[in-house]
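Student: I've got this model up on my screen and I'd like a close look at one part of it. Could you walk me through it slowly?

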Amino acid sequence: MKLIFALLFLGPVIANAAEDKVAVYLNFEQAYLSNDVSLFTPLLSKNYTIRQTLHIPGIGSDTVPVTKAQLLEGMKQNPKPSSLPRSKAESVKVETISSNQFCANSQTLDQVVVAGKNYEEKELRKACFKHENNRYEAISHTIDVYYREL
């Protein structure tokens, strides 16, 4: 009986914690894709890193690590919001690392034209966060982009 009460009480608490983490990720992604440095910078930890890998069929993969300073400077140079699709809450999967750290994974699909050919562009996005300074700050961010000819 105690187990049933514990599940009834803790179930919604655990679900709300996961939903809050999804909201943290979606807010982070929106700020990143907005290219607005003033929105994005406060969400980053001191040692934030980002890495993007392009996977091109028949050619291979290329990974580009970018420092926090390089990313922010690039955003300043091109403050126009990205046209990339945004993740939907239902596509975000939260992975708990510890009591104050988690990672969120999402996937988006789009169609693009490259050199006159139609491709499906699939992005696998992952951002990891740590609770510091009374809020979650992004510590790492990876984006894997896959192309498939249509």
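Student: Which residue forms a salt bridge with Glu29, and how far apart are the closest N and O atoms?

Tutor: Keep in mind as we go that this is a predicted model. The partner of Glu29 is Arg125, and the closest N and O atoms of the salt bridge sit 3.0 Å apart. Glu29 is in helix H1 and Arg125 is in strand E5, so the pair ties together parts that are 96 residues apart in sequence. Side chains of opposite charge can pair when their charged atoms come close. Now check the surroundings: Glu29 and Arg125 are both buried, and buried here means under 20% relative accessible area.

The pair isn't alone, either. Salt bridges that share partners join Glu29, Glu123 and Arg125 into one network. The search of the whole structure turns up five salt bridges, so let's put a couple of others next to this one.

Glu120 forms a salt bridge with Arg148, with 3.4 Å between the closest N and O atoms. That pair also links distant parts of the chain, since Glu120 is in strand E5 and Arg148 is in strand E6, 28 residues apart. Arg148 is partly exposed, at a relative accessible area of 46%. Then there's Lys130 with Glu132, where the closest N and O atoms are 3.8 Å apart. Lys130 counts as partly exposed because its relative accessibility is 28%, and Glu132 counts as partly exposed at 34%.

Back to Glu29 and Arg125, and the empty space beside them. Rolling a probe the size of a water molecule over the atoms shows where empty space is left. Across the whole structure, the search finds one cavity of 30 Å³ or more, and the largest cavity holds about 30 Å³ of space. Its lining includes both Glu29 and Arg125, along with Tyr25, Phe28, Tyr32, His141 and Ile143. Helix H1 (2–34) and strand E6 (135–149) are the elements that give two or more residues to this lining. H1 has the largest share, with four residues.

Next, turn to the largest pocket, which has a volume of about 170 Å³. Tyr32 and Ile143 line the pocket too, and Glu123 from the salt-bridge network is another lining residue. Others in the pocket lining include Gln52, Leu54, Ser82, Glu121 and Tyr147. H1, E1, E5 (117–132) and E6 each give two or more residues to the pocket, and E6 gives the most, with three.

Leu54 leads us out to the surface. Together with Ile56 and Ile59, Leu54 forms a nonpolar surface patch with about 270 Å² of accessible area. Ile59 is found in the loop between strand E1 (44–56) and strand E2 (60–66). With a relative accessible area of 70%, Ile59 is exposed.

Finally, zoom out to see where all this sits. The protein chain has three helices and six strands, and from the N terminus on they run α-α-β-β-α-β-β-β-β. Of the 150 residues, 29% are buried, Glu29 and Arg125 being among the buried ones. Among contacts between residues at least 6 apart in sequence, 57% join residues at least 24 apart. As for the outside, the chain exposes about 9500 Å², with carbon and sulfur atoms supplying 58% of it.

Notes: Residues numbered from 1 in each chain as written. Predicted model: local features only at pLDDT ≥ 70, side-chain atom pairs only at ≥ 80, totals over all residues. Heavy atoms only, no water. Patch = residues over 30% accessible without salt bridge, like charges linked within 9 Å, V, L, I, M, F, W, Y side chains within 5 Å. Areas by Shrake-Rupley, 256 points an atom, 1.4 Å probe, with all protein chains shown as cover. Salt bridge = Lys/Arg side-chain N within 4 Å of Asp/Glu carboxyl O. Buried < 20%, exposed > 50% of the residue type's maximum accessible area, 1.4 Å probe, protein only. Contact = heavy atoms within 4.5 Å. 1 Å grid on protein atoms, 1.4 Å probe; cavity = no way out; pocket = protein on both sides within 12 Å on 5 of 7 lines; lining within 4 Å. Points joined across faces, edges and corners; volume = space filled by probe spheres on them.
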